[in-house]
Amino acid sequence: MNKSCYAMVVTRLGPPDVMQYESVAMPVAKDHEALIEQTAIGVNFVDIYLRAGQAHAHNPEPPFVTGVHAVGIVKQIGNAVTEVKVGDRVTYTNAGVGTYCSHVAVASDRLVHVPNNVSDERCTAGFVRVMTAQYLLKQMRTLHPGDKVLIHAAAGGTGQVLVQWAKRLQLEVFATAGSEEKIHFVQALGADHVINYRTQDFAKEVARITGGKGVKVVFESVGKDTFMSSLECLEPKGLAINFGTASGQVENFALQTLHAKSLWICRPTLRTYIADKRDLQAMALETFEILGDPSFRLDIEAVLPLKEAAKAHTMIESRLTKGAVVLIP
Ligand SMILES: NC(=O)c1ccc[n+]([C@@H]2O[C@H](COP(=O)([O-])OP(=O)(O)OC[C@H]3O[C@@H](n4cnc5c(N)ncnc54)[C@H](OP(=O)(O)O)[C@@H]3O)[C@@H](O)[C@H]2O)c1
């Protein structure tokens, strides 16, 4: 095996070009680890938070490798590994290692086998996003057919998954997106009411369409620019799930804001929902049912070489992407 491998290293916190393509030492799998030769790497918004230093307690000090998800082949296993063998095709996320690299040693209990009917690219585009949609739609609030929900950034990687899955659950979907092209895309995914939140007051639109009643849950991934207006969209006892902060964090929030309508808010992360390896495997099973279904749309905006990770980040931060971006090491 080669004695070296390569990685996009975050040399300091900052804009996309702080990532430098470097040759690094080949990792060696310890007792409970497997060495993975990566074949495709997912680009998720959290990679940007990490690179820019916005991931709070979880932000490593540079130099480090960003990224939370990849697919690859097991090349070597440690003495105590039972879950996988050499040659297996696996994926992993939130395993405590950076993924923008050619090879990585991962704790074997974080690995999930990828079924043959799911390609590397589709897995990297969708695994984290479908796992996320799984807990958001099925583990946070009981939703019944006909319930109204609002999904922000619905043309994005996670947004498009949420819209389609919500429609499969027969929910009435209100969705927002940031350009006319994205509006058409989200309509084609089946959303019932699509609002351009850069040109329209989405809270007023939701109030108009629902006759002032509001929605049961808001899936809120934009944060600073939308969160307070999202609360206005909720029915009494409604739930706002702030699961992302693409526009910045919600700061100085006054708890009393929730009082008048007895609202609920929460700030969850996939990491917690898959911390237990049994939960990880159960959610992955359901996720691969979705990923293995060709009628479930998962658009890939671009497939780029790992060396062009900065370009991938720039595209996403400029709000130019619909669907996912994938890196190939
Ligand atoms: N907590 C969790 O467990 C978890 C797991 C996965 C993802 N997430 C979150 O889910 C969100 C979506 O992630 P993703 O990887 O699928 O990304 P993405 O949705 O493909 O891209 C982010 C989208 O956010 C919208 N946006 C609004 N304001 C923005 C701004 N100021 N800068 C950049 N984008 C802005 C843009 O859509 P428009 O142009 O339509 O506005 C953009 O396309 C992120 O916030 C991410 O952190 C959370």
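These are my notebook entries on the domains, one helix pair and the ligand shell of this structure, which is a predicted model.

**Entry 1, domains.** I looked up how the protein chain is divided and found domain 1 (4-127 + 277-328) and domain 2 (141-267), with 28 Å between their C-alpha centres. At the place where they touch, 10 residues of domain 1 are in contact with 11 residues of domain 2, and I noted that the domain 1 side of this contact consists of 4 nonpolar, 2 polar and 4 charged residues.

**Entry 2, helix 2 and helix 3.** I then turned to helix 2 (residues 120-138) and helix 3 (residues 157-168), whose axes come within 9 Å and cross at roughly 50°. Because of that angle I recorded helix 2 as oblique to helix 3, and I wrote down the crossing as right-handed. On the helix 2 side the contact includes Ala-125, Gly-126, Arg-129 and Val-130, and on the helix 3 side Gly-157, Thr-158, Val-161 and Trp-165 are among the residues met. By class, the residues of this contact are 9 nonpolar, 4 polar and 1 charged.

**Entry 3, ligand shell.** Last, I asked which residues surround the ligand, and I counted 30, the closest being Gly-156, Gly-157, Gly-178, Gly-244 and Leu-270. Helix 1 (45-52), helix 2, helix 3 and helix 9 (309-317) are the elements that give two or more residues to this shell. I noted its make-up as 12 nonpolar, 13 polar and 5 charged residues, and I also found that domain 1 and domain 2 each supply at least three residues to the shell. Gly-157 therefore appears twice in my notes, as a helix 3 residue that meets helix 2 and as one of the closest residues to the ligand.

Key: Residues numbered from 1 in each chain as written. Predicted model: local features only at pLDDT ≥ 70, side-chain atom pairs only at ≥ 80, totals over all residues. Axes fitted to C-alpha atoms, helices over the stretch in contact; angles between N-to-C directions. Helix = DSSP H or I, 4+ residues; strand = E, 2+ residues; numbered from the N terminus. Parallel < 35°, antiparallel > 145°, perpendicular 65-115°, else oblique. Left-handed = near helix turned anticlockwise from the far one by under 90°. Contact = placed C-beta atoms within 7 Å. Nonpolar A, V, L, I, M, F, W, Y, C, P; charged D, E, K, R; others polar. Near = placed C-beta within 6 Å. Domains from an automatic or database assignment.
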